Amino acid sequence: MRYLRAFVFFCLLPSAFCLSLGRAAAGEVVKLLPGAFTLAGSLARQSLVLETYSDTGATGQIADGVSFSTSDPAIVKIEGGVAVPVADGKATITATAGERSATAEVTVVDMEKLFAWSFRNHVESVISKSGCNSGACHGALAGKKGFKLSLGAFDPLADYFYITRQARSRRVVLSDPGRSLVLLKPTATVPHKGGLRFRVGTPEYRVFSEWIAAGAHGPKDDDPRLARLEILPDASVLKPGAKQQLIVRAYFSDGRAEDVTRWVRFTSTNESVAGVDAAGLVEVAGHGEAAIKAWYLSGNVIATVSVAYERAVSPEVFANAPRRNFIDELVLAKLKNLNLPPSPPAGDAEFFRRAYIDTIGLLPTVEETRAFLVDEAPDKRDKLIDHLLARPEFVDYWAYKWSDLLLVNSDRLKPAAMWSYYHWIRNNVAANTPWDKFARQLVTATGSTLENGAANFYVLHQDPPALAETVSVAFLGMSINCAKCHNHPLEKWTNDQYYGMANLFARVRAKEAAGDGNSVVYPVTRGEWIQPRTGKAQPPRPLDGEAVPFESEVDRRVVLADWLTSPDNPYFSRAITNRIWANFFGVGLVESVDDLRLTNPPSNAELFDAASGYLVEHGYDVKALMRVILQSATYATGSQPLAENVDDGRFYSRYYPRRMMAEVLLDALSQVSGVPTTFSGYAPGTRALELPDVSVDSYFLKTFGRPLRAITCECERNAQPSMVQVLHLSNGDTINEKLRAKGNRLDGMLSDGKSNDAIIEEAYLAALSRYPTEPEKAKLLAELDDSKVERRELVEDLYWSILSSREFLFNH
Amino acid sequence: MRIAFCILIAAFLSTLAAALEAAQPASAPDFNKQVAPIFQTYCVGCHNGQDKEGELVLEHYATLLAGGAKGAVIVPGKADESRLIQVLTGTAEPSMPPEDNEKPTAEEIATLASWINAGAKGPDGAGPDPTVIVTPKIKPHGDVHEAVSALAFSPDGKSLAVARYGTVEWMALPERSLLRRFGPHRGRINAVSFSKDGARLLAAGGEPGVFGEVRLWNVADGKPDRTFKGHDDSLYAAALSPDGKLLATSSYDQQIKLWDAVSGKVVRTLSGHNDAVFDLAFRPDGKILASASGDRTAKLWDVATGERLETFGQPTKELYCVAFSPDGKRVAAGGVDNRIRVWQVSEAAKENTNPLRYSRFAHEGAVVNLVFSADGKTMVSAGEDRTVKIWDAETMTERLALERQSDWAPALAISPDGNTVAVGRLDGSLALYNAASGEIVPTPPPPKPELASLPVRGVQSGTTTRLKLSGKHLAEVTAVTASHEKIAAKILAVDGGTGLEVEVTPAADVPRGRYELWVASPAGESGHKRLYVDELAQTAEAEPNDALAQANPTSRESSVWGVLGTKGDVDSFAFDAKAGQHLVFDVSATTIGSKANLVLTLFDAAGRALADNNDFGGASDPLLDYIVPADGRYVIQASDLMLEGSPDHDYRLSLGELSVPTAVYPLSVPANTETQVEVTGYNLPENLKVKVPAAAGGEVNVPLDPRTLRIRQPLKVVVGNLPESLEAEPNDAPETAAPIAVPATVGGRIRGTDGATGDNDYFRFESKQGQSWIVETDAARRGSPVDTLIEVLAADGQPIERVLLQAVRDSNVTFRPIDGNTRDCRLTNWEEMQLNQLLYLNGEVVKLFRAPQGPDSGFLFYEGDGGKRMCYFDTTATAHAVEEPCFIVREHAPGTKLISTGLPVFPVYYASDDDGRRRLGSDSRLTFTAPADGAYLVRVRDSRGHGGDRFSYRLSIRPPEPDFSVSTSGADQVAAGSGDEFTLSVDRIDGFDDEVRIEISGLPEGFRVSTPIVIQAGHRDAKGVLFAEPDAKQPSAEALKQITATATATIGDKEVTRPIKAFENVKLVPKPKLLVRLEPAELAVAPGATITATIKVQRNGHDDLVKFTVENLPHGVIVDNIGLSGVMMPKGETERQIFITADAWVPETTRLCFAVEDQVGRQCSPPVVIHVRKDSPLAEAGK
């Protein structure tokens, strides 16, 4: 009879308190965007936005009642809020709204120069903007109705071929451009299954028709290439209901800049905060932060929109909040921006347990907890942090994490090789090898897979595309897989860059050596990986790095490693920073941790920069980063939400409770019960976190989301709760068998003749790392005094209640 | 008499001690120390808890004060008024001790008096154990043979427990060697038995008149488990209840006690016998206990209640023994009236329900013991007439009497299988008899001692080390010997039969190395165990030392011996080191026969991993060196790569600034001269060079001084047969290439560099146009860690094209990746490929040998050595990923203008990483043909870019000497009327790739063989069949010698013939269960056509399904349409038609093929001629 099992309640109760003070209005200025620009050629246009700014940045567009004037209408004129060139020269445009006004400097050039639309830059952007080359339309692998376009225009040569040549040039009529099918269909002049895409006479129509009229010239090698995109304003703090027009300018390799807002495809990453329409008009819907992604040609750029919570929070809340290091400054700045007050700091017990679980994957022992709680040294938390970072279990925990990342797995490696790989990871953790050296050793691994465990990376991943993808995910936190078939729609990576990256691995070979699972990995000096689109070798090149000459005999992986681990490579330091951050905060600065796309911005960009910068400054010493995180006041924030921050899940106004990961949870159950879990084939007493391999059979670990280590992806670890988990905790054999086992902690307490008081205290300290509160104790004592039930059973029930509680299962 | 003497001495001594105590002034006598011993000595014999003479018990303070029948004996504070003093001093009656008894001395009485006067204070704490008796040690004269007082077979019958005074000897059967002694016990063991599972041994005994006890021992480790103490006299019987929960004991103190076997507490005492209870027996159901007593009765007791159920009163004298039959229905007892009586026992065993069945006069003397066999059919009894008798237990008729015993045999046991009777006698002797024949079972010759292992196998020279050896049959060991005369060894102690402590002292000048140690007993010598002598201190690990914090402190210059005893075991050793020291950690594991795949990891004091090593130079024992950056404490950790562990996972770890040579340079020396070679390693003298005298050829050991250097394995150099020279650095660029006059061998070394491609060594040689050269390295095969990659380059360093391979068909590796060895690869597009085409696999060139044989199989490539795939143009076999592109390619001469096929063209350059024929491991071999007169370069480097002092190689440049040899396998058992296949394999040397024709002649009468047999160009093997006619006779060895086989081939323009060893051991065996024929006797097929043939069998006992293959078809000719399972003939059938198809490209040829079945030992058909002919009428007919 487990009748006791419902009486202990462990919930994280929100403490209700609230401050209600208004936010002072900051000194506001207005700016005309863009502040200075060039209009090149008679067809150039530039839309204008009058924007208000506070000391922290853009705060909203003044849309109504704005009047424009120009200093020289003979140079530039304004038509419907758009600057239109008249003649070469310079002028100033002034926008006025009420008493506020702002100016923009305009330079007009090339008015006399004949302008020609470029297929690569203009026509393709019209096709993309109109959606013709989307995956659902002609961008589908098989095209539509015999007409095929490259997805997102990643292959202009192929598109040009389809539009102008394929099927006997049925789609363009050079002598009578208006009769071209390629115009008749999108204007729905003839029936078009895809519907009306643009109307006759629109700028889209004009670009397309004038390009045909000019001879329908194809893409040329010396076409100007998109160099970068600029979005204005790139960050703004808006109010609910506000509207904000965005401007996107494209900078080309020939120095030209154009207002391409019209051709940009906009999407919002968080519609519940802000939506965006096709023209780039943002409309605020809720609170928090959203990123607006602008995609033009092969480029992406984002603008962040922050919408502060409309709660009256005193500035003192932020001013008085504890600060220890730069993390806290930047977190508080963000919280202040969003008007999200931080929760009060965590108590010693809460912090103690949290730091153990996050740093070494263990619960503190009863003795450790007691000692920490009575310790009155002011620096005891710092001492604890240093202690944890030096613990041998730190090595177990982080070796396990990196083994997840690097797929240590005896399903895919022979046992000796698997162990060798694991030892390599483990020894590097134990040596606290800087992350750049670690990555370099792995990526450039040569030699026997048994002598150099890192070489197994090249056994797990063999073909160059797989290697390129895996290195990108593992060390750049980016999936480049999409670019295998077409330009990445959400990222800047192109199909060519993908194969350039892949070709860095074309000269890795493995040959067999004596011993089971022993092969020798080594670079050769010849061999290329063919880019299937062109049938030729793609110049080997680390994503956006410099290409290696084909004839170079250097191990291309060394070139990759140089690029990868360069302090100038932002992706590398960010990826590992984000992984470590997510370990301690539960939520990465970028979510998910291996989706570090440009178009998936961090929740706190300054903090992300600072944290990854900190890692670089400290020579990629991951422990240094862990230390600064653990020491931060942010990490020590309480997990109890306030009414004002209960909605926050990204900005670290509080510590987000989360279920312990499967292995940690199982070890915790073993530790609390005093009954180790046995794993077939491993020494008795081996903890789950000491397993090198995920092919060890364990129903518990499987149920609680242990990854398969089949593909490099954080998504392999399933943190989702499930009914099976609940049932297993309640009625499954893991907890119940441990509680029933002979010689367990309960036995020890009972046979030592401990009082109920002591038993309750021990259970709390062991499982929750805190003393029971008086009311809890009183209630439990009453229950334990039940003389009708055997004492052992009562104590088992007590433990069961605690071990199945959220307070135990969660790190908080 | 001797016993009495002891008691006297004891009394004297204790009296003296008491007197001395009493002499201590000014303090009241202590009860425990001074008073109680006096009572113990003079009074307690009668005034004890059992006897209670006069109701007075003087054993304890409380009962002493309580007084006896006449009231208090002590009046505290008043000795004079105390009755105790009065009776002692004779002032009260009766005077005590009784007449004729020794009386206390005056001092003792004074002590008692002063104790009473001081208030008669009670004991201060627990008194001394009253069962402990102190006696003087008196040495017996001559050998003593303590009686065998009880015997017990272990439940598995493989061992025997022999109880004697103070000890139980546990001996292995049949050799009767001592496994262990259980003891010491106090007093004689009167009963011994094993628990049902054999895990515990129960021994009951005690000291007569003092106490009785049962000791339970763990058989496995000889450790005491539990002691049952509570009887006041020695025990005579003890039995565990059948369920093991209760222990019953009986004692001379007349009591029977039932104990909880787990808690050791007395459950109940069964009182009722009026004399010693000599024997006990549980009924097999555990409910009833039988007892036999000196009170002339046997009784039955209800175990659950302690109620006495039955008393058998028929015996006329004392009973000594009682036993239940295994079925529980009878109980037998024997004793001083010379009879054995058998009663029938009812289920409830209630009084008067258990009638006497037999009463047999058994011995001419008291029956001292009787036992039932496990099957209940036999009983054995022993009598004081020195006879032992074997009875039919069911009828109680005598079956046989054993030989007259040398003494009484109170110890009897029957082996669990009932075959052996063990008899132990009062004279200490022991005999085993065959229960059926009564013959004595001879003692096997005493077993030789066996040594299990040496715990620390290393000893330090110049010091004495104590070693605890374990093993078997060590009890009689008389000598321990080491294999070096200067290693002194002596025995310190023998610990039963399984342990031995010895002392080993190698003299200071005993060279470091491996020696042997063994022990000897009169029975012989043990096996020799390895003993390592080292000048370093030799220590052993001490568990627990898994965690860094638990590391065993270890001296820096020492060897520590450890065992990874269990799964997951890790051993840590801590030591102090100083900055700048070059530490070397040298492990011996596999080299000393360990199973451990050892890994070493070095940590600093903060637990940071500093360095690790798994394998060193291809050997699996690690060697780690580390230059200490800072003074401090370090920890070296040893573990198994896979965290395995067992007692066999042992190792030696030597650490310190050890001088370890690791390599020699160069790897070869010229013949017939003395050459100086360089030795590299750790902590070696600067520029260590050694002179090596070389003879004409072979290998020479490099002479190194083992006293100053730690040599892991002997360093060897090969004696070269070409002019030898050495590279001279710098030679890293074409301009600095070292000129060599070819043919020659040059020694070189790949230095360690920071560069990614490592060191390059260039050599220059001159060649005429069209001249061919074999360029090869000998390095990894000589233990060098280098993995050479060689190239022949133009004089300016540019690569030279060897061949252009133009892709004509594209494909991909599919289904699964392939490693660098397999010949079997799934390819897309394979239907469009042909045999003998070259396949370009990402730098590697292979040749198609056999097409997929069905939908679920791959293409087979041509075979090199060792079953690995052969690579062409000296390319190297590597692993290939799924999806990896590959191409069927066509060869073109370098410089050919090619018309594009739309597929790539791959130039192959003169380069070799690993020998393409797969003969040289990771060493390289290249065949180079000079395209023009002039100078060429050879570049040597490490394919992985590794390098270092040890990375030596020999590079040879020499003209090819194409040659071949042919070997045979198979054809050793030919069945009459059937054939046996054999394989001819050609070993191709230096590029010889043409066909080889083998002729066989001189066969004995009645035998036929396929001849000629042709190994086709490029192939390794061909198959033939040796066929015996049904009436063939086993040929004589002489006749077999007449068979000659020769292989002939054309090398260059010369015909070369080589003899083949074959058919020397042909054995004729009887007609098999299947006879196979392939018909017709001559087949012809046109290229591209299919013909039919028939396989017929004569079934001769095998009626089941038969599977066939047809062997030795011309390459490109296959048995077609065979489906997934091959050619099968269903059960009972005797004929099957097959289809034979020749590929269109197959040239005209004639060959001998045969059919083979796969069910009864690969019986073959006689050889059948198959022709491939373009327009053969036979081919037409076959269609």
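**How do we know? Questions about a predicted model**

Reader: Why is C1164(B) called buried?
Author: In this predicted model, C1164(B) has a relative accessible area of 0%. Buried means under 20%, so C1164(B) earns the word.

Reader: What makes C713(A) and C715(A) a disulfide?
Author: Their sulfur atoms are 2.0 Å apart. A pair of cysteine sulfur atoms within 2.5 Å counts as a disulfide, so C713(A) and C715(A) are joined. In general, such a link is a covalent bond between the sulfur atoms of two cysteines.

Reader: How many disulfides does a search of the whole structure find?
Author: One, over all chains.

Reader: Is the link of C713(A) and C715(A) right-handed or left-handed?
Author: Right-handed, with 135° about the S-S bond.

Reader: Why is C713(A) called partly exposed, while C715(A) is called exposed?
Author: Look at the values one by one. C713(A) has 24% relative accessibility, which lies in between the cut-offs of 20% and 50%, so C713(A) is partly exposed. C715(A) has 54%, and exposed means over 50%, so C715(A) passes that mark.

Reader: How do you know that C871(B) is in no disulfide?
Author: The nearest cysteine sulfur, that of C825(B), is 12 Å away. A disulfide needs the two sulfur atoms within 2.5 Å, so C871(B) has no partner. C871(B) is also buried, at 4% relative accessible area.

Reader: What about C1164(B), which cysteine sulfur is nearest?
Author: That of C1153(B), 12 Å away, and C1164(B) is in no disulfide.

Reader: How do you know that the span of helix 28 of chain A agrees with what is expected?
Author: Helix 28 (residues 791-803) has 13 residues and should span 18 Å at 1.5 Å a residue. The expected span takes one less than the number of residues. The end C-alpha atoms are 18 Å apart, so the two values agree.

Reader: What makes helix 28 of chain A mostly covered?
Author: Of its 13 residues, 11 are buried. Among them are R792(A), E796(A), W800(A) and L803(A).

Reader: Which residues make the nonpolar surface patch of about 300 Å²?
Author: M723(A), V726(A) and L727(A). V726(A) sits in helix 23 (residues 723-731) of chain A.

Reader: What makes V726(A) accessible enough for a patch?
Author: A patch residue needs over 30% relative accessible area. V726(A) has 45%, so V726(A) clears that bar and is partly exposed.

Reader: What is notable about phi of L543(A)?
Author: Phi of L543(A) is near 25°, a positive value in a residue other than glycine. L543(A) lies in the loop between strand 25 (536-537) and helix 17 (556-564) of chain A. With a relative accessible area of 0%, L543(A) is buried.

Reader: Is N836(B) buried or partly exposed?
Author: N836(B) is partly exposed, because its relative accessible area is 27%, in between 20% and 50%. Phi of N836(B) is also positive, near 70°.

Reader: Which kind of peptide bond, cis or trans, runs from L232(A) to P233(A)?
Author: A cis bond, with omega near -15°. P233(A) is in the loop between strand 11 (226-232) and strand 12 (235-238) of chain A. The bond from E1079(B) to P1080(B) is cis as well, with omega near 0°.

Key. Residues are numbered from 1 along each chain as its sequence is written. Chains are lettered from A and ligands numbered from 1 in the order in which they are written. This is a predicted model: local features need pLDDT of at least 70, side-chain atom pairs count only at pLDDT 80 or more; totals for chains, interfaces and linings use all residues. Side-chain values use heavy atoms; hydrogens and water are left out. Helices (H or I, at least four residues) and strands (E, at least two) are DSSP runs, numbered from the N terminus. Buried means under 20% relative accessible area, exposed over 50%, partly exposed in between (1.4 Å probe, protein chains only). Patches are made of residues with over 30% relative accessible area and no salt bridge: like charges are joined within 9 Å, nonpolar side chains (Val, Leu, Ile, Met, Phe, Trp, Tyr) within 5 Å. Accessible areas come from the Shrake-Rupley method with a 1.4 Å probe; for residues, only the protein chains shown count as cover. A salt bridge is a side-chain nitrogen of Lys or Arg within 4 Å of a carboxyl oxygen of Asp or Glu.
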